[in-house]
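Here are a few exercises to work through with the model at hand. Take them one at a time, and try each before reading its solution.

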Amino acid sequence: MPDSPSAVPKDIEWRLPRHARSVSRARTLLREQAASWKLPDEVTETAVLLLSELMTNAYRHAKVPAGREIRARCVLKADRLHISVTDANDTLPSPRDASPDDESGRGLTLVASLADAWGAEPRSGGIGKTVWFELPSNDSP
């Protein structure tokens with residue numbers, strides 16, 4: 001049976017400016033969406049942390065012309081939460097080994113450690129790339 005018009009969407013996308021404030025805005029939007037989807041707190045907090053890492057990478061490293069946006073998309077499927085961040089930079093990221101003295105450089109290592117799956121790929125049909133991760137949408141292993 002199809003969803004009713006008033007049903008909560010299970011696929012949502014936010015377009016945010018490439019600005020430092022967009023990182024905290026994305027966290028807030030995800031927390032609100034997770035609450036409407038009734039996701040467990042542990043899943044929500046992990047998803048918010050990992051989204052923050054991907055948004056920060058897109059903001060800091062996607063050196064692109066002014067006016068380009070960062071897109072964050074969240075899709076809830078059966079037992080999976082899929083979150084992706086798309087920016088206009090074509091360079092695919094990879095985890096790096098940060099030294100104990102480095103103040104940054106651990107974001108993708110954190111994503112790789114906490115997500116069930118993650119990846120990065122060129123954006124289909126456009127400029128840039130998409131970096132994504134998946135988590136179980138419930139507390140069970």
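Two strands count as paired if DSSP finds at least two bridges between them. Helices (H or I, at least four residues) and strands (E, at least two) are DSSP runs, numbered from the N terminus. This is a predicted model, in which local features need pLDDT of at least 70, side-chain atom pairs count only at pLDDT 80 or more, and totals for chains, interfaces and linings use all residues. Residues are numbered from 1 along each chain as its sequence is written, and side-chain values use heavy atoms, with hydrogens and water left out.

**Exercise 1.** Lay out the order of helices and strands along the chain.

*Solution.* Start by counting: there are three helices and five strands. Then walk along the sequence, and you get β-α-α-β-β-α-β-β.

**Exercise 2.** Find the strands that pair with β5 and give the direction of each pairing.

*Solution.* Begin with β4 (residues 117-122), which is joined to β5 by six bridges in the antiparallel sense. Here Glu-121 lies opposite Thr-130 of β5. Next, look at the link: β4 and β5 make a hairpin with six residues between them, and Gly-125 in the turn has a positive phi of about 70°. Finally, turn to β3 (residues 80-87), which runs antiparallel to β5 with eight bridges. Arg-80 has Pro-136 in β5 as its bridge partner.

**Exercise 3.** Why is β5 described as largely enclosed?

*Solution.* First fix the term: buried means under 20% relative accessible area (1.4 Å probe, protein chains only). Across the chain, 38% of the 141 residues are buried. In β5 (residues 129-136), seven of the eight residues are buried, so the strand is largely enclosed by the rest of the structure.

Key. Buried < 20%, exposed > 50% of the residue type's maximum accessible area, 1.4 Å probe, protein only.
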